[in-house]
Amino acid sequence: MGLRYRAAAIQFEPELGAKEQNVERLLSLCTAAARAGARLLVTPEMATTGYCWYDRREIAPFVEPIPGPTTERFATLAREHHCFIVLGLPEVDSRTGIFYNAAALIGPSGVLGVYRKTHSFISEPKWAKDGDLGFPVFSTELGRLGILICMDADYFEPARLLTLQAADVLCFPTNWLLEKGPGAAWIARAFENGCYLVAADRYGCERGVQFSGGSAIIEPDGTIQARLDSGDGYLLGEIELDRARHKRFPGSLAPEKLTARRPEFYDTLTLNAYLWNPLEFHGLYGHRPLPPGRASLIAVAQFLPKPGDLAANLATIDRSLAALPRGTRLAVFPEYAATGVPHEASEATAFAASDTASLLRPLRRLARRRRTALVVGFLEALPGGFASSAALVTPSGLTVTYRKTHVIGPERSFLVPGDTPPPVIDLPLGRLGLLIGSDLCFPEIARVLALAGCDLLAVPAGPGIPPVQALGPTSVPLPPPAVTGDDPTHFHLARVRACENMTVVAYAALPLPEGTGWSGLFGPVPESRASERLVEPGQAGLSWGLLDTRNAASRYPTNPLRAKDMLRMRQPYWYAPLQLPIAAPAEGVTLTAPARDAAREA
């Protein structure tokens, strides 16, 4: 059995500017956690000083170098208890005088390294420079530790870059807001990378900003191991390094969270596509401008298809279309909706569509008769195996097919991954990208489609998606759009992908237990939750809503689907390793033994 140890997330409400008082309280909490057996301790972002600073002049008396007086005090604690501490604090570079929102990794021998926050929230540019040290991973006796700070987790790229350097644990100092903790993005970062995530959040209100609390330790499969809702304190969890190094999806023996990636399709991840006005950028030189803005009714359907009964499944699709509101322009149906869900090669042989043309003809007739574009999943027989495929058919006869490119878990025993990237299609309702099922587990491919200007991701979904997770109420008085009561869908991977890419995701799932259920339309911003109408997880049903790509009269986009402000704030000059196979690391990145072993095992 591999190394196991206790980790602690320190939850703390600092007082703005009361540095000495804050440090004393943090030392007390860290000492208590270490005495309780914690070997790895993570404190909140900016824990020594508070967060909401007006400008450089105001924070200047409280910044310090790393190493410095405060890190030395925590190093004394680390030596006494033989532990490792991730300390969030404002740093000044002694050589340049530049300030950073930073975190120091401190061990029994002193400061082992520094990470500077790379993806800034609205407050950091008031006083701090974006981080310029990249995304280092630190080898310690507790495994390989990476650090993210707060808004870094709103972007998949930082955690993925750490994982490609074989990080075992993502240490996450944060000052989260507008969502109760643990945030859905925290869960996504742990799940998609197969790493533990130790999240230390602050709580309380500072200069009118209400912070979330909800510090947590999250497992490599995305489940919440431990959580502290509010108040000063610490929570304990257990890190098991072997689990962090498996990188496996359920039902698999291979490290597919790394090896099932398709970097050959990620060739635009280093492009700063939203640095310029998107309405001009996407139509540059008159080539392929975004479709004109309009409001269109779109829908998703959730049902369990009958294995091998094409006629019955087409009849279900037809009845679903008949039940939709008049004027629905697009309906998305689940993965394998036309053919049934295969569980092994013998079932795939029994009911895969061997003549795709004979399946597409009735779909085109349905689209034409119902005056609605359809996206329908089906199992396709190929000369060398089978593919999970989907077809987009429109009333005008346009037909586009796609084969799932990210195949994971038991499906790898009989499915062949597609060899072409997901299509991007311009329709009157907007720019559409097509993904299937477990594609959604790989954040790179959804980002590629968003960078191409997609307003909508149509996702027929089936097996392989992580379960939707509920979260109970919080005592923290968070303002809207936060959900403070019981939330049965707090973590829904489709919602995470929608918000982090500022697209609408039309997610058509199989019901439980074959799929996740909770089909629906997920919007580009947190406020979109108010309009969600999700299908109950164990039932068949329909959900619909508006896809609105219109802008106010302006040269610049006012609609978040077109503006995609989150993409504008990416830092793509750090992202080159995302486009490289796991066995070929980027220059200057050392691929360590666990990652090399994962590549060989695959």
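**Talking through the strands, helices and loops**

Modeller: Let's start with strand 15 (residues 295-302) and strand 27 (residues 541-548), which pair in the antiparallel sense over 8 bridges. Please keep in mind that this is a predicted model.

Colleague: What makes strand 15 and strand 27 a pair?

Modeller: Two strands count as paired when at least two bridges link them. Strand 15 and strand 27 have 8 bridges, so by the cut-off of at least two they are a pair. Within this pairing, Ala295 stands opposite Asp548 in strand 27.

Colleague: And how do you know that strand 15 pairs with strand 16?

Modeller: By the same test: 4 bridges join strand 15 to strand 16 (residues 328-332), and these two run parallel. Here Ala299 of strand 15 faces Ala331 in strand 16.

Colleague: Why is strand 15 called largely enclosed?

Modeller: A residue is buried when its relative accessible area is under 20%. In strand 15, 7 of the 8 residues are buried, so the rest of the structure largely encloses this strand.

Colleague: Let's move to the sheet of 6 strands. What makes strand 5 and strand 14 its edges?

Modeller: The strand order in this open sheet is 5-4-3-2-1-14, with mixed pairing. Strand 5 (110-116) and strand 14 (233-240) each have a single partner strand, so one side of each has no neighbour in the sheet. From one strand to the next, the twist averages 30°. Inside the sheet, strand 3 (residues 84-92) and strand 4 (residues 99-107) pair in the antiparallel sense over 8 bridges, with Glu91 opposite Tyr100 in strand 4.

Colleague: Which strands does helix 1 lie across?

Modeller: Helix 1 (residues 19-35) lies across strand 1 (4-11), strand 2 (38-42), strand 3 and strand 14, and runs at about 155° to strand 1. An angle over 145 degrees counts as roughly antiparallel, so helix 1 and strand 1 fit that description.

Colleague: How do you know that the reach of helix 1 is close to what is expected?

Modeller: Helix 1 has 17 residues and spans 24 Å from its first C-alpha to its last, close to the 24 Å expected at 1.5 Å a residue. Among its buried residues are Val23, Leu26, Leu27 and Cys30. The buried residues of helix 1 pack against strand 1, strand 2, helix 3 (69-81), strand 3 and strand 14. After helix 1 comes Gly37, with a positive phi near 105°.

Colleague: Why are helix 1 and helix 3 called roughly parallel?

Modeller: Their axes come within 11 Å and cross at roughly 15°. Angles under 35 degrees count as roughly parallel, and helix 1 and helix 3 are therefore roughly parallel to each other. Their crossing is right-handed. Residues that meet there include Leu27 and Cys30 in helix 1, and Phe74 and Leu77 in helix 3.

Colleague: What makes helix 9 and helix 11 roughly parallel?

Modeller: The axes of helix 9 (residues 310-323) and helix 11 (residues 356-370) come within 11 Å and cross at roughly 15°. With a limit of 35 degrees, helix 9 and helix 11 are therefore roughly parallel. Helix 9 passes helix 11 in a right-handed crossing. Among the residues in contact are Leu314 and Ile317 of helix 9, and Leu363 and Leu366 of helix 11.

Colleague: Now the loops. Why does Ala166 count as buried?

Modeller: The relative accessibility of Ala166 is 5%, and buried means under 20%, so Ala166 counts as buried. It sits in the loop between helix 4 (156-164) and strand 8. Ala166 also has a positive phi of about 70°, although it is not a glycine.

Colleague: Is Tyr285 buried or exposed?

Modeller: Exposed means over 50%, and Tyr285 has a relative accessible area of 79%, so Tyr285 is exposed. Its phi is positive too, near 65°, and its place is the loop between helix 8 (278-281) and strand 15.

Colleague: Which peptide bond at Pro182 is cis?

Modeller: The bond from Gly181 to Pro182 is cis, with omega near 0°. Pro182 is in the loop between strand 8 (169-174) and helix 5 (184-193). Pro480 and Pro481 are also joined by a cis peptide bond, with omega about 10°. Pro481 is found in the loop between strand 23 (469-471) and strand 24 (487-491).

Notes:
Residues numbered from 1 in each chain as written. Predicted model: local features only at pLDDT ≥ 70, side-chain atom pairs only at ≥ 80, totals over all residues. Heavy atoms only, no water. Axes fitted to C-alpha atoms, helices over the stretch in contact; angles between N-to-C directions. Contact = heavy atoms within 4.5 Å. Expected span 1.5 Å × (residues − 1). Buried < 20%, exposed > 50% of the residue type's maximum accessible area, 1.4 Å probe, protein only. Parallel < 35°, antiparallel > 145°, perpendicular 65-115°, else oblique. Left-handed = near helix turned anticlockwise from the far one by under 90°.
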